[in-house]
Amino acid sequence: MSITRRSALAMTVAAAAATAVLAGAFPGASAAPSPAAPQPSTSYLYRVSGGAAQSESLLRAGFDVLEERQGADLFVMGSAEVGTRLRAGGYRTAVEQVLPPLNWAPPARSGQAATLDAAVAEETYYGGYRTVNAQYAHLDQVARDHAALATVVDYGDSWRKTRGSGGYDLKAICITKKNAGDCALSTSAPKPRLFVMGQLHAREITTGDAAYRWIDHLTDGYGTDTQVTNLLNSTEVWVVPIANPDGVDIVQRGGSYPYLQRKNANNTNGSGCGTTGGSSQVGIDLNRNTSSGYGVGSSTQPCSETYRGASANSEVETKALQSLWRSLYKDRRATGTTAAAPADTTGMVVSMHSYSNMVLFPWGFNSSVKSGNDASLRAIARQMASLAGGWRYGQPGEILYNAGGATDDWVYDELGVSSFVWEIGNPSGSCSGFTPAYSCQTSLYWPKVKGMLLYAASKTARPYGS
């Protein structure tokens with residue numbers, strides 16, 4: 001279903017919301033004035049001078065350290081109380097910016113719709129971003145409209161659904177020119193596979209929109225766009241537009257006081273945590289929960305933004321993704337951090353995050369250790385970053401901070417498959433932040449991401465080959 005087929009009403013709403021932005025100028029902006037008494041939703045960006053050298057202590061203390069670094073400084077988001085905690089902890093802290101509240105009407109429905117019809121497919125919030133149900137209705141509609149290309153796969157259930165408290169299916173779509181053996185849950189697939197994932201961190205809404213557009217670009221372009229046609233004739237493309245639907249449900253329900261939920265909705269170890277961010281948020285960080293480097297750059301505090309969970313691989317969303325990956329890719333790498341996957345290994349996994357214009361690759365838990373395929377991963381990342389217009393690239397600890405338990409480390413660690421994280425989004429300006437105006441997706445981010453995805457697809461058959 002082409003984006004141009006959306007209703008005129010949705011386009012009008014998107015244009016009307018173009019001026020509503022969470023994070024205007026970020027690092028490098030002039031310091032904001034001292035904040036007045038905060039509203040319930042008021043959040044701040046704090047610059048922590050020299051924070052890069054203290055990243056592990058900041059993360060273990062449960063601060064919401066953003067994926068942005070400027071020189072030796074890191075940035076923390078949170079309430080006025082978070083600023084007090086930073087200063088009490090001895091961190092040199094200044095208010096970088098006061099974040100104004102957003103304004104959107106939350107969708108009426110919470111939890112998965114009984115019928116994913118055309119009306120559900122038009123559900124949006126904040127000027128055009130699709131709800132979880134709209135994303136799922138879109139997958140079904142694409143599969144109906146392009147039966148020779150697309151197959152929808154239910155690969156599990158969200159935490160809330162496993163508890164009978166609402167929740168969602170976990171859904172993926174496989175897109176290729178279907179022949180015998182294509183889109184099967186088998187490691188003996190005849191074609192190489194590119195796997196693209198959005199909104200593992202729920203508040204990173206740019207990534208779900210990019211996944212939506214990527215699906216349409218492929219299915220609408222087959223037979224008319226030579227590059228797309230050749231790609232789908234030779235490659236399977238798997239897309240999970242919403243990897244954390246329970247978390248996204250919390251975000252989209254936020255309205256004028258947005259719930260910038262990062263984690264899933266599991267409250268087993270933190271039933272008293274809130275949902276409005278700052279110093280208290282329910283759930284487990286799904287990108288700190290895997291067994292690869294588990295415990296590095298994360299928190300043991302259940303209400304922390306980077307709470308890693310009670311144990312590695314504990315979350316149903318984590319387990320479901322790992323099971324799906326094991327059903328799609330062969331294990332081609334020996335154990336050990338320096339062991340290399342063979343040159344003929346196929347496949348690539350891209351996990352889209354936001355924001356700060358970076359391309360990251362393993363190892364994320366320790367930048368002093370290079371993977372056995374570091375040269376190839378680094379070369380691909382360099383080209384991805386160039387296509388995006390000059391993003392930074394490297395292991396997380398080289399340009400940001402070390403963090404373990406991430407999905408990209410797990411994919412490479414357990415299977416040897418090339419894996420990347422893209423941090424999509426400007427660190428400053430009117431289109432920056434976790435929730436840029438919807439118009440920014442069309443004007444700025446999608447043109448960059450499309451070229452990066454097409455390049456990633458071109459490398460999927462032999463990422464480690466010459």
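Helices (H or I, at least four residues) and strands (E, at least two) are taken here as DSSP runs, numbered from the N terminus, and by that account the chain has 14 helices and 14 strands. The model is a predicted one, in which local features need pLDDT of at least 70 and side-chain atom pairs count only at pLDDT 80 or more, while totals for chains, interfaces and linings use all residues. Residues are numbered from 1 along each chain as its sequence is written, and side-chain values use heavy atoms, with hydrogens and water left out.

Of the 466 residues of the chain, 61% count as buried, that is, under 20% relative accessible area, with exposed meaning over 50% and partly exposed in between (1.4 Å probe, protein chains only). The chain exposes about 15400 Å², of which carbon and sulfur atoms supply 51%; such areas come from the Shrake-Rupley method with a 1.4 Å probe, and for residues only the protein chains shown count as cover. Where contact means heavy atoms within 4.5 Å, residues 24 or more positions apart account for 74% of the contacts in the chain with a separation of 6 or more.

One sheet is open and has 4 strands in the order S2-S3-S1-S4, with antiparallel pairing, two strands being paired if DSSP finds at least two bridges between them. Its edge strands, each pairing on one side only, are S2 (64–70) and S4 (93–99), and the twist averages 25 degrees from one strand to the next. Within this sheet, S1 (residues 43–48) and S3 (residues 73–78) run antiparallel and are joined by 5 bridges; Leu45 has Met77 in S3 as its bridge partner. Helix H3 (residues 80–88) lies across S1, S3 and S4, running at about 20 degrees to S1, where axes are lines fitted to C-alpha atoms, for helices over the stretch in contact, and angles run from 0 to 180 degrees between N-to-C directions.

Further along the chain, helix H11 (residues 374–387) has 14 residues. Its buried residues include Leu377, Arg378, Ala381 and Ala385, and what covers the buried residues of H11 includes strands S11 (348–353) and S12 (358–360), S13, and helix H14 (439–459). Just after H11, Gly389 takes a positive phi of about 105 degrees.

Tyr393 is placed in strand S13 (residues 392–394) and counts as partly exposed because its relative accessibility is 30%. Leaving aside neighbours within four places in sequence, Tyr393 is in contact with Val359, Arg378, Ala381, Arg382, Ala385 and Ile399. Tyr393 and Asn357, 36 residues apart in sequence, are 8.7 Å apart in space, C-alpha to C-alpha.

Note on methods: The expected span of a helix is 1.5 Å times one less than its number of residues.
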